[in-house]
Amino acid sequence: MAARTIDIAQPVLSRNERMAAELRARFRASRTFVVNVLSSPGSGKTSMILATHERLRERFRCAVIEGDIASDVDALAVKAAGMPAIQINTGGLCHLEAAMIGQAADALDEAVGLDALDVVFIENVGNLVCPVDFDLGENLSVMLLSVPEGDDKPLKYPGIFQHAGALLLNKMDVAPAFDFNMDCYGAALDGLNPCAPRFCVSATRGDGMDAWCAWLAGQVEAARA
Amino acid sequence: MHELGVVSGIIDVVLRTAREAQASRVVAVSLRIGDMRELVPEALDFAWRSLRDEHELTRGAELRIEHVSPRSACIRCGAEFDHDRLRCRCPICGSGQTLTLRGRELDIISVEIDSPD
């Protein structure tokens with residue numbers, strides 16, 4: 001019996017990273033801007049996507065890839081708003097992986113053609129931990145926190161706030177009922193992710209949505225230039 | 001609980017490596033994990049112990065983890081600095097535009113095997 005050590009020096013998630021790179025190239029070729037939306041369950045991802053679509057639909061053709069452990073309630077809401085939607089049921093998995101987005105992209109391609117889509121929103125599984133380690137080939141990841149969750153979330157779940165390219169605070173309409181401390185929230189983000197733009201919004205009432213949508217539209221245009 | 005998915009990816013690579021090397025048994029697997037990764041050591045260890053014993057080759061194999069603390073470079077002034085998970089702003093010039101040099105690793109370094117000779 002001989003013992004020996006074999007050097008591997010390989011990223012654990014190399015398979016996902018390779019597939020994400022392929023997806024990124026595919027979306028670039030079809031001139032589709034992909035937004036990965038991250039948040040806890042119940043922060044308002046679907047409402048935010050619908051409200052964003054409402055403001056951008058004249059300029060961009062949008063679609064949604066819905067990730068949930070089970071059910072198709074979000075996909076139905078998205079379809080009712082006139083957007084193509086592909087539902088992924090992860091069956092217990094707490095995040096989406098690039099391979100799943102590859103299949104959803106095939107389905108979108110077949111349904112409407114990727115070339116015809118300007119923006120695809122990926123509504124990730126509601127979770128502040130796991131999705132951050134899985135690149136989906138997106139152009140932008142957006143972290144959506146909501147006021148009732150509390151101002152301490154960036155300190156409790158630093159990875160996802162650090163990773164995001166834009167930071168949205170939703171449900172500003174109910175802020176008077178909660179003691180969400182904007183200074184604490186801001187100070188935590190200053191340490192974690194000082195450069196990402198921040199938007200305070202109410203997806204349902206509309207506060208701040210125009211500023212967010214104007215910025216997003218700028219990002220979509222810049223990616224095409 | 002994405003530790004289970006991460007460990008399942010590790011097991012795949014380890015099994016492939018061990019079979020190619022005609023190993024009779026995997027003794028240990030060494031990982032390098034940056035502190036900025038969202039992985040809980042206890043959950044990783046639990047997932048490892050659950051999954052390794054499903055395969056004859058990896059049964060009882062040890063998981064060794066080397067932790068890497070975060071280090072970044074400032075894009076504005078060029079300073080390199082160590083930091084914790086919560087504050088990555090440049091301590092010299094205060095800029096928030098920094099590049100992570102270390103701390104996001106999630107690599108399999110090596111696999112230690114026994115082979116019949």
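A residue counts as buried when its relative accessible area is under 20%. Keep that cut-off in mind as you move through this predicted model.

Start by selecting B:Cys90. Its relative accessibility is 4%, so B:Cys90 is buried. Now add B:Cys88, which is buried too, at 8%. Are there any partners to look for? A search of the whole structure turns up zero disulfides over all chains. From B:Cys90, the nearest cysteine sulfur belongs to B:Cys77 and is 3.8 Å away, and B:Cys90 is in no disulfide; a disulfide needs the two sulfurs within 2.5 Å. For B:Cys88, the closest cysteine sulfur sits across in A:Cys195, 9.6 Å off, which is too far for a bond.

Next, select B:Val6, B:Ile10, B:Val26, B:Val29, B:Trp48, B:Ile108 and B:Ile113. These have the most contacts inside the largest nonpolar core, a set of 31 residues. Strand S1 (2-11) of chain A supplies at least two of its residues, as do elements of chain B including helix H2 (41-52) and strand S6 (106-115). H1(B) gives the largest share, eight residues. Zoom in on B:Val29 to find its neighbours: among them are B:Ile10, B:Val14, B:Trp48, B:Leu63 and B:Ile108. Another core, of 30 residues, lies apart from this one; try A:Phe33, A:Val35, A:Met48 and A:Trp212, which are among its members.

Finally, turn to the surface and pick B:Ile75, in the loop between strands S3 (71-74) and S4 (80-82) of chain B. B:Ile75 is exposed, at 56% relative accessible area. Add B:Leu99 and B:Leu101 to complete a nonpolar surface patch with about 290 Å² of accessible area together.

Terms used. Residues numbered from 1 in each chain as written. Chains lettered and ligands numbered in written order. Predicted model: local features only at pLDDT ≥ 70, side-chain atom pairs only at ≥ 80, totals over all residues. Heavy atoms only, no water. Buried < 20%, exposed > 50% of the residue type's maximum accessible area, 1.4 Å probe, protein only. Patch = residues over 30% accessible without salt bridge, like charges linked within 9 Å, V, L, I, M, F, W, Y side chains within 5 Å. Areas by Shrake-Rupley, 256 points an atom, 1.4 Å probe, with all protein chains shown as cover. Salt bridge = Lys/Arg side-chain N within 4 Å of Asp/Glu carboxyl O. Helix = DSSP H or I, 4+ residues; strand = E, 2+ residues; numbered from the N terminus. Core = buried A, V, L, I, M, F, W, Y, C linked by side-chain atoms within 4.5 Å. Contact = heavy atoms within 4.5 Å. Lists of a residue's contacts leave out its neighbours within four places in sequence.
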